[in-house]
Amino acid sequence: MKPATAPPAGVPFFTQAKSFDARWPEIARHLHDVFDRGKFSHGRKVEELEQAIAGYTGARFAVAVNNGTDALTLLLRAAGIGPGDEVVVPAFTFVASASSVALARARPTFADIDPDTYGIDPASAEAAITPRTAGIMPVHLFTQMCDMEGVLQVAARHGITVLEDSAEAIGMRWDGRHAGLLGAGGVLSFFPTKTLGAIGDAGMIITDDPGIADRAGTLRHHGRIGRTIDHIAGISNLSGASGTNSKMDDLQAAVLLAKLPHLDDDIATRARLAEAYTARLTGVPGVRKTPRVVTRPVPTDSVFYVYLIEVDRRDDLVAHLTARGIGTEVYYPIPLHTQPVFAELGYRQGRFPHAEAACRHAVGLPFHPDLSIDDVDRVCDAVREFYTGSAA
Ligand SMILES: *Cc1c(COP(=O)(O)O)cnc(C)c1O
């Protein structure tokens, strides 16, 4: 039997089709430059993007690489982190925050999060410090920076380096300073779903430290010094610290250059959409938590990269939404201290209760600047229907 009316349209978790249509002339202009020049990797567009990102963030140096994970790994290596060192990482984050430490041949150790910001809890981080701890990696997730005052105090007390996983944090600022620039350096990811997304993988290191910028710039290109001269730098290649190939494609840089002038508008749109979600979801039974931006003693800029809520019966809600064509993303399903890849570090379930609770209850709803208020209504109606049996 045919239904009397077509089923309501679904809502994808992420799309940027409308933005691409609207901005196509600018994107095409930058892409044409790349095709005209015929340099498709590590070329002039990449340099232009480095300058533009340095301008946007206020960083003295921006070093383009192939993706955010490489950016983290090369940042750690350029900061001198390596074999024998430990780096404290929150247990609730994307795997790359900790795998980058392992890729730099150091050892991640874990700390719990502050359940409001989902960022590292400075007290828990301090408790994880040992004589081998060389660094701490605060990760700014979803909406806001973690307690950087607390992190910087812990780092200063123990004389350790702060390396920010600011992969999600473009546009976030702490007392006027862009995320990634409060310690030795940070990173940006331009993975397509990120706030400033490419059409494939791309990433960047941002830092005010000329030594870190110099070493990262060399490591990303086989240890070559500069862009053209064929000298291989001696960051002790024979001890396994060779350079790698992590150059950025000029096509990615072209798309990012076309999108960057619209970033602040996109961020404002995201804030309005988040507000619309929160207004509709507040008080819905089963929705335990909508995002709360924490007020700090200094001014901060938050950015809604992901709209994340915490709910009861999370996996059943996800199935309910999926059946209605509504996309979701579980950030993050398993805390890093219980991920099989880190089993040899010896952590047990129960060690970091806030990280573990977030893994059980958190879910990201469809979220991107192309979303309409109608889409938000559809998603929120479906959430309400799941918990109350009625959309109204
Ligand atoms: C996206 C992301 C990364 C890695 O970036 P890629 O470009 O996907 O390699 C690292 N850390 C966090 C917190 C991220 O969200």
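Q: A salt bridge is a side-chain nitrogen of Lys or Arg within 4 Å of a carboxyl oxygen of Asp or Glu. Which residues here are linked in a network of salt bridges?

A: Side chains of opposite charge can pair when their charged atoms come close. In this structure, Asp33, Arg37, Lys45 and Glu48 are linked in such a network. The salt-bridge count comes to 16. This is a predicted model, where local features need pLDDT of at least 70, side-chain atom pairs count only at pLDDT 80 or more, and totals for chains, interfaces and linings use all residues. Residues are numbered from 1 along each chain as its sequence is written, and side-chain values use heavy atoms, with hydrogens and water left out.

Q: Take one pair from that network. Where do Asp33 and Lys45 sit?

A: Helices (H or I, at least four residues) and strands (E, at least two) are DSSP runs, numbered from the N terminus. Asp33 lies in helix H2, and Lys45 in helix H3 (residues 44–57). They are 12 residues apart, and the pair links distant parts of the chain. The closest N and O atoms of Asp33 and Lys45 are 2.9 Å apart.

Q: Is Lys45 buried or exposed?

A: Read relative accessible area: buried is under 20%, exposed over 50%, partly exposed in between (1.4 Å probe, protein chains only). Lys45 has 1%, so it is buried. Its partner Asp33 has 24%, so Asp33 is partly exposed.

Q: How many residues apart are Asp266 and Arg23, which also pair?

A: They are 243 residues apart. Asp266 is in helix H10 (residues 263–281). Arg23 is in the loop between H1 and helix H2 (24–37). Their side chains meet in a salt bridge at 2.9 Å, N to O. Asp266 counts as buried because its relative accessibility is 8%. Arg23 counts as buried at 13%.

Q: What separates Asp375 and Arg378 in their helix?

A: About one helical turn separates them, because they are 3 residues apart in helix H13 (residues 373–388). Their closest N and O atoms are 2.9 Å apart, in a salt bridge. Asp375 is buried at 13% relative accessibility. Arg378, with 30%, is partly exposed.

Q: Now the domains. Which domains does the assignment give?

A: Domain bounds come from an automatic or database domain assignment. For this protein, that assignment gives domain 1 (18–260) and domain 2 (262–388). Their centres, taken over C-alpha atoms, are separated by 24 Å. Contact means heavy atoms within 4.5 Å. By that rule, domain 1 brings 48 residues to the contact, and domain 2 brings 38.

Q: How is the area buried between the two domains read, and which residues of domain 1 lose the most?

A: Buried area is the accessible area (1.4 Å probe) that two parts lose on being put together, summed over both. Here the value is about 4,100 Å². Carbon and sulfur atoms give 57% of that area. On the domain 1 side, Phe110, Phe142 and Thr195 lose the most, together 17% of what that side buries.

Q: How many salt bridges are there between domain 1 and domain 2?

A: The count between them is 3. Separately, Arg173 forms a salt bridge with Asp301, with the closest N and O atoms 3.4 Å apart.

Q: Which elements supply the side of domain 1 that touches domain 2?

A: Helix H1 (17–22), helix H5 (96–103), strand E3 (107–111), strand E6 (173–174) and helix H9 (250–259) each supply at least two residues. E3 gives the largest share, 5 residues.

Q: Which residues of H5 are buried?

A: Ala96, Ser97, Ala98, Ser100 and Val101 are the buried ones. Their cover includes helix H4 (68–78), strand E2 (86–90) and E3. Just after H5, Arg105 takes a positive phi of about 65 degrees.

Q: Which residues of helix H12 are buried?

A: In H12 (residues 353–361) they are Ala355, Glu356, Ala358, Cys359 and His361. The cover over them includes strand E10 (287–289), strand E12 (307–311), helix H11 (314–323) and strand E13 (362–365).

Q: One last residue. Which residues is Gln16 in contact with?

A: Leave aside its neighbours within four places in sequence. Gln16 then contacts Pro192, Gly197, Ala198, Lys259 and Asp370. Gln16 sits in the segment before H1. It counts as buried because its relative accessibility is 13%.
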